[in-house]
Each structure stands twice: as structure tokens, then as C-alpha cells.
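Let's take a walk through a protein chain together, one step at a time. Have the sequence and the picture ready, and look up each residue as we come to it.

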Amino acid sequence: MKASKIAYKPVGLALGAVSGMAAGALFKQTWKMLGHDEDAPDATDEERSWGEVLLAATLQGALFAGVKAAVDRAGATAVRRLTGTWPG
């Protein structure tokens, strides 16, 4: 394993935590904007319909993946600018 890849591991972990928090906040705001309740439904929430549960899960997954990819890519780009090597 290359030294730059090993050195990037702690940075990647920190960025992962930040991206998770950002994605969670973005999902919460998006869910409210769509006119739904304050909290998204859990899969086992008996009061919510299948459609609402699956919509919430799909939206949450898509937003999380998008935010994570954007943050990971920005972090790798920043590392290359600082070190001259791509961490991946």
C-alpha cells in the first residue's frame, strides 16, 4: 500500500463523519420541504405507508451517497494539491 494512501486514511475517516452529518442535515431539510412530518419514518413504523417508508429510505440513501462522493472527491483533490499525489 502506498504511503499516501495510508496517510489519507485518517483524513478519509474524518471526511466520512463530516459527510454523514451533512447528509443527515440535508435529508432532514429535504424531507420537510417535501411537506412530510418532521421525522422520516422508520421501516417498522406501523402508522406510515409502504410508499412513504420506501420514499424516505430511497431519498436518504441517494442523498447520503451523493454527499459522500462529493466530500471524498473534494478531499482527494485537496490532498493532491497539497502533496502532488492522488491518495487513491
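Which residues make up the largest nonpolar core? There are five of them: F27, W31, A56, L59 and L63. A nonpolar core here is a set of buried Ala, Val, Leu, Ile, Met, Phe, Trp, Tyr and Cys residues joined through side-chain atoms within 4.5 Å. Buried means under 20% relative accessible area, exposed means over 50%, and partly exposed lies in between (1.4 Å probe, protein chains only). The elements that give two or more residues to this core are helix α1 (3–33) and helix α2 (50–83). The largest share, three residues, comes from α2. In soluble globular proteins, nonpolar side chains tend to be buried together.

Before going on, a word about where the values come from. This is a predicted model, in which local features need pLDDT of at least 70 and side-chain atom pairs count only at pLDDT 80 or more, while totals for chains, interfaces and linings use all residues. Residues are numbered from 1 along each chain as its sequence is written, and side-chain values use heavy atoms, with hydrogens and water left out.

Now step back and look at the whole chain. It has two helices and zero strands. Helices (H or I, at least four residues) and strands (E, at least two) are DSSP runs, numbered from the N terminus. Along its principal axes, the C-alpha trace spans about 50 × 25 × 15 Å. The radius of gyration of the chain is 17 Å, whereas a compact globule of 88 residues would have one near 12 Å. That radius is taken over C-alpha atoms, and the globule rule is 2.2 Å times the number of residues to the power 0.38. Of the 88 residues, 22% count as buried. The chain exposes about 6200 Å², and carbon and sulfur atoms supply 63% of this area. Such areas come from the Shrake-Rupley method with a 1.4 Å probe; for residues, only the protein chains shown count as cover.

Let's follow α2 from end to end. How far apart are its end C-alpha atoms? They are 49 Å apart, which agrees with the 50 Å that its 34 residues should span at 1.5 Å a residue. The expected span is 1.5 Å times one less than the number of residues in the helix. The buried residues of α2 include E52, V53, A56, L59, L63 and V67. An α-helix has 3.6 residues a turn, so residues three or four places apart point the same way. Other places on α2 have more mixed surroundings to look up: G51 is partly exposed, with a relative accessible area of 47%, and A74 is partly exposed, also at 47%. Just after α2, G84 takes a positive phi of about 85°.Next, come back to the core and look at F27 in α1. F27 counts as buried because its relative accessibility is 8%. Leaving out residues up to four places away in sequence, F27 touches A40, A56, L59, Q60 and L63, where contact means heavy atoms within 4.5 Å. The C-alpha atoms of F27 and A40 are separated by 9.0 Å, and the two residues are 13 apart along the chain. On the α2 side, L63 is in contact with A23, L26, F27 and T30, leaving aside its neighbours within four places in sequence.

Two further residues of α1 are worth finding. Is S19, in helix α1, buried or exposed? S19 is buried, because its relative accessible area is 1%. S19 touches V67, K68 and V71, not counting residues up to four places away in sequence. A polar atom of its side chain also lies 2.9 Å from the backbone oxygen of G16. M21, which is in helix α1 as well, is exposed, with a relative accessible area of 61%. M21 and F64 are 43 residues apart in sequence and 9.3 Å apart in space, C-alpha to C-alpha.

Our last stop is R48, in the loop between α1 and α2. R48 is buried, with a relative accessible area of 18%. Its contacts, not counting residues up to four places away in sequence, are D37, D39, A40, P41 and V53. A40 is thus a residue to look at twice, as F27 touches A40 and R48 touches A40.

Definitions and conventions. Polar contact = N/O pair within 3.5 Å; in protein donor to acceptor, adjacent residues only side chain to side chain.
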